[in-house]
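Q: Hey, can you walk me through this model? I'd like to start with what counts as a polar contact.

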Amino acid sequence: MARRSLLDELFEVNHIRTIYHMFIALLIVFIISTLVMDFIDEGRLVLDFDLLVYAFGRFPIVISSWLCMFLSTLLVPYGLFYQWESGHRASKHRVLRLVCFGLLFMSFQMLGLGTAPVYIVIHYNLPPASRFIIILEQVRLIMKAHSFTRENVSRVMSIKEKNSGLQQVPHFSQYLYFLFAPTLIYRDNYPREKNVPLLTIDSGFLQVLGCLFYAYYIFVRLCIPLFRNISREPFSLKVLVLCIFNSILPGVLVLFLAFFSFLHCWLNAFAEMLQFADRMFYKDWWNSTSFANYYRTWNVVVHDWLYYYAYRDFLWLFTHRFKAAAMLSVFTVSAIVHEYVLAVCFGFFYPVLFCLFMCFGMAFNFVLHDRRKGPVWNVVMWTSLFLGQGMLVCLYSQEWYAQQHCPLENPSFLDLLKPRSWTCRSHS
């Protein structure tokens with residue numbers, strides 16, 4: 001349905017708009033402090049964005065890789081579905097035909113979209129941000145192709161012979177629109193808007209760019225000085241605890257930036273550009289009194305895909321008696337994909353996020369359930385979220401520096417699985 005994003009409505013309230021202004025003021029303070037520190041250290045004003053240049057290095061490879069992934073997703077799933085549907089009614093071996101085309105589609109998903117992007121980022125040794133672009137696009141296109149095939153195969157299978165005159169193969173333009181639309185659920189048509197001002201589209205992308213520079217200053221001012229020094233200290237419980245608590249502020253700021261830049265600015269900019277009227281990309285997750293509600297409202301786009309194609313399909317296969325198992329399967333799939341993205345993009349295996357998802361996330365999902373009401377549970381939710389962000393930033397940053405300071409000549413398989421930060425001590 002046609003509806004606005006929640007922040008667009010909230011920003012019309014002056015009190016909420018002031019919070020937005022406070023974050024802009026904090027960015028200005030970060031910029032001024034960086035310039036002052038550089039002037040004290042270097043004796044001159046330095047505007048050096050070397051971290052951004054490094055993180056987004058080898059961008060032509062990223063563009064060409066994305067183009068290959070997009071074109072293959074545009075042509076292969078649609079072509080396979082068209083060929084399967086065109087002979088479905090006349091074929092005497094419908095089940096065999098369905099299995100053959102299904103295997104071809106799964107092969108494309110696993111090899112074309114699954115293996116090739118990973119090979120590219122490893123073979124060309126792409127830097128982290130460039131890896132994130134390719135791997136996140138890989139996951140997005142896999143989910144899009146699955147939704148298109150899942151929705152349309154079900155529709156063709158359910159249409160009776162007497163209704164065979166109905167449209168069964170979507171128009172190519174409908175599939176093309178879906179690949180760019182800010183949704184992971186395929187429909188032939190979506191609610192549309194008209195007369196979208198160009199300034200609104202530009203504003204969304206400019207805010208994404210601003211969030212990118214915001215993240216740059218957070219890492220330069222709050223993260224890099226902290227972890228450069230910690231990496232030289234012997235590993236101990238005291239150092240770990242101090243690291244986690246010192247990482248809470250940058251971790252929470254990065255969380256807010258990721259939410260605002262992607263779930264609000266980026267998706268709304270594409271929605272404006274495509275006149276896509278349903279802007280409910282998230283809900284009021286900040287008011288959650290339970291982690292169950294937080295998971296449902298933080299990212300509605302991904303939650304809808306998991307609900308329809310993981311949770312409901314699991315219940316369809318194994319009946320409604322296994323709701324707990326269905327929920328566990330959704331958590332497992334989500335945890336594996338999140339950890340896969342981080343492992344490939346950072347270049348090392350350190351399953352901190354997976355453990356937080358499967359241990360604390362699963363436990364909180366059942367303990368802090370929807371029957372928990374009242375402000376105290378919102379405080380508990382935010383406290384847990386702050387600590388979790390501190391752990392993620394601390395442990396992954398420590399491991400990143402350990403990988404740089406203590407490289408291994410010929411690492412064994414166990415060496416690749418063992419966190420380097422547990423044993424690496426750099427004194428340089």
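A: Sure: a polar contact is a pair of N or O atoms within 3.5 Å; within protein, one must be able to donate a hydrogen and the other to accept it, and residues adjacent in sequence count only if both atoms are side-chain atoms. This is a predicted model, where local features need pLDDT of at least 70, side-chain atom pairs count only at pLDDT 80 or more, and totals for chains, interfaces and linings use all residues. Residues are numbered from 1 along each chain as its sequence is written, and side-chain values use heavy atoms, with hydrogens and water left out.

Q: OK, what lies 3.0 Å from a polar atom of the Thr 149 side chain?
A: That's the backbone oxygen of Ala 145.

Q: Is Thr 149 buried or exposed?
A: Thr 149 is buried, at 15% relative accessible area (buried is under 20%, exposed over 50%, partly exposed in between, with a 1.4 Å probe and protein chains only).

Q: And which residues does Thr 149 touch?
A: Pro 77 and Phe 105, leaving out residues up to four places away in sequence; contact means heavy atoms within 4.5 Å.

Q: Switching topic: where does Ala 277 lie?
A: In the loop between helix 10 (248-274) and helix 11 (291-298); helices are DSSP runs (H or I, at least four residues), numbered from the N terminus.

Q: Why call Ala 277 buried?
A: Because its relative accessible area is 0%. Ala 277 touches Met 1, Ala 2 and Pro 191, among others.

Q: How far is its C-alpha from that of Arg 4?
A: 7.6 Å, though Ala 277 and Arg 4 are 273 residues apart along the chain.

How values were computed. Helix = DSSP H or I, 4+ residues; strand = E, 2+ residues; numbered from the N terminus.
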